[in-house]
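Here is a short tour of one model, written for someone who likes to check geometry for themselves. Have the viewer open as you read.

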Amino acid sequence: MSIKLPESIEAYFLADRDGGPDELAAVFTENAIVKDAGETLVGHDAIREWKVEYSQKYGPTTTNPFFIAKKKKKTQVTAHVAGDFPGSPADLRYFFVLAGDKIAELEITV
């Protein structure tokens, strides 16, 4: 199933798969909030560190997102992810709040 993602969300998945920490941070607003695995991160520096840490720790591979839904200000995207983490592989849900052409908030859940 092929879905059409907003450009900023497409940029997130491309940067997560193929980019480094700077490329990933660049898709977020300067004071963006990311919630993942019980942690809340704020800002580009924290997002860069998060990318480095989870890439080294889990080596995740995300396949193309296969579901999208919009509810109020949040866009939910679901993608299949495999790596060295409990429950792998898993379908993770990504809840995005966009601000213009950037991501202002992201929460990742199972």
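## A term to start with

Helices here are DSSP runs of H or I with at least four residues, numbered from the N terminus. With that in hand, G59 comes just after helix α3 and takes a positive phi of about 50°. Please keep in mind that this is a predicted model.

## Helix α3

Helix α3 covers residues 44–58. At 1.5 Å a residue, its 15 residues should span 21 Å, and the end C-alpha atoms are indeed 21 Å apart, so expectation and model agree.

Which residues of α3 are buried? They are H44, A46, I47, W50, K51 and Y54. These residues cover an arc of only 155° around the axis, which puts them on the same side of α3. The face turned away from that buried side carries the exposed residues D45, Q56 and K57. As for partners, the buried residues of α3 pack against α1, α2 (21–26), β1 (28–36), β2 (39–42) and β7 (102–109).

## Helix α1

Helix α1, one of the elements that the buried residues of α3 pack against, spans residues 7–18. The same length check works here: 12 residues at 1.5 Å each should span 16 Å, and the end C-alpha atoms are 16 Å apart, which agrees.

The buried residues of α1 are S8, I9, Y12, F13, A15 and D16. Seen down the helix axis, they fall within an arc of 165°, so they line one face of α1. On the other side, E7 and D18 are exposed.

## Aromatic pairs around Y12

A pair of aromatic rings is described by the distance of the centres and the angle of the planes. The structure holds 9 aromatic pairs. One of them joins Y12 and F13, with 5.1 Å centre to centre and 80° between the planes, an edge-to-face arrangement. Both Y12 and F13 are buried.

Y12 also forms an edge-to-face pair with F96, at 5.5 Å centre to centre and 70° between the planes. This pair links distant parts of the chain: Y12 sits in helix α1 and F96 in strand β6 (residues 90–99), 84 residues apart. Like Y12, F96 is buried.

Where do these rings belong in a wider group? Y12, F13, F28, Y94 and F96 form one aromatic cluster. Y12 and F13 are thus worth finding in the viewer twice, once among the buried residues of α1 and once as members of that cluster.

Note on methods: Residues numbered from 1 in each chain as written. Predicted model: local features only at pLDDT ≥ 70, side-chain atom pairs only at ≥ 80, totals over all residues. Heavy atoms only, no water. Phe/Tyr/Trp six-rings, centres within 6.5 Å; stacked < 30°, edge-to-face > 60°. Buried < 20%, exposed > 50% of the residue type's maximum accessible area, 1.4 Å probe, protein only. Helix = DSSP H or I, 4+ residues; strand = E, 2+ residues; numbered from the N terminus. Expected span 1.5 Å × (residues − 1). Arc of directions from axis to C-beta. Contact = heavy atoms within 4.5 Å.
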